[in-house]
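Biologist: I would like a close look at a single part of this model, and one connected account of it.

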Amino acid sequence: PSGTIIVTDALVHLLNDDELAAVFAHEIAHIDQRHGVRLVLQNSGVFIVIGTLLGDINSLSGMAGTLPMVLIGSGYSREFEAEADLAAARYLLATRGTTAPMRSALARLLDNAANASMPYLSSHPETEERIEALLEFEKNHKPLSAGRTSDD
């Protein structure tokens, strides 16, 4: 929710500059679309409903204290991930003419996840689905090249 993006040394070493730009575009989309704030509101609403249903309003203060830890562990929803992927795809098409950097970053992260514990990926849609969605978006939204018209 604060707008802070944390980048690890491992990520910097794993990805090339274009792939890092794609990841940043994805993460910035989370901030622009206020996914962190929306997640806080969704999760705090769950605590209130549970407290109300169980009739134990006093426990809400205890549950509220655990909210930051729940948020850190839960990651963004699959819907938020798809929205951020779409925003990154738009950025990449506008600046690089292709979604290839995001697709290759996802593939590298998937390969790396097979060799390391990356539990945050469980909140994300299947990587293959994300790559396919990026390809489909690029196919349907490819910028017109010089000399081409929309009638081509």
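Biologist: How are α2 and α5 oriented to each other, roughly parallel, roughly antiparallel, roughly perpendicular or oblique?

Modeller: The model is a predicted one. α2 and α5 are oblique to each other, because their angle of about 130° falls outside the ranges that count as roughly parallel, roughly perpendicular or roughly antiparallel, the last of which begins over 145 degrees. Helix α2 covers residues 17-32, and its axis lies 8 Å from that of α5. The crossing of the two is right-handed. On the α2 side, the contact is made by Asp18, Ala21, Ala22, Ala25, His26, Ala29 and His30. On the α5 side, Phe80, Glu81, Ala84, Asp85, Ala87, Ala88, Tyr91, Leu92 and Arg96 take part. By class, the residues of this contact comprise 10 nonpolar, 2 polar and 4 charged.

One residue of that contact can be followed further. Glu81 sits in helix α5 and has a relative accessible area of 1%. Glu81 is therefore buried, since the cut-off for that class is under 20%. The Glu81 side chain also forms a polar contact, at 3.3 Å, with the side chain of His30, and His30 is among the α2 residues that meet α5.

Helix α5, residues 78-96, also packs against helix α7, residues 127-141. Here the angle is about 45° and the axes are 10 Å apart. That angle makes α5 oblique to α7, and the crossing of this pair is right-handed. From α5, the residues involved are Glu81, Asp85, Leu86, Ala89, Arg90 and Leu93. They meet Arg130, Leu134, Phe137, Glu138 and His141 of α7. This contact divides into 5 nonpolar, 1 polar and 5 charged residues. Glu81 and Asp85 are listed in the contact of α5 with α7 and also in the contact of α2 with α5.

As for the setting of these helices, the chain has 7 helices and 0 strands, so the order of elements from the N terminus is α-α-α-α-α-α-α. Of the 152 residues in the chain, 30% are buried, and Glu81 belongs to that class. Among contacts in the chain with a separation of 6 or more, 73% join residues 24 or more positions apart.

Key
Residues numbered from 1 in each chain as written. Predicted model: local features only at pLDDT ≥ 70, side-chain atom pairs only at ≥ 80, totals over all residues. Heavy atoms only, no water. Axes fitted to C-alpha atoms, helices over the stretch in contact; angles between N-to-C directions. Helix = DSSP H or I, 4+ residues; strand = E, 2+ residues; numbered from the N terminus. Parallel < 35°, antiparallel > 145°, perpendicular 65-115°, else oblique. Left-handed = near helix turned anticlockwise from the far one by under 90°. Contact = heavy atoms within 4.5 Å. Nonpolar A, V, L, I, M, F, W, Y, C, P; charged D, E, K, R; others polar. Buried < 20%, exposed > 50% of the residue type's maximum accessible area, 1.4 Å probe, protein only. Polar contact = N/O pair within 3.5 Å; in protein donor to acceptor, adjacent residues only side chain to side chain.
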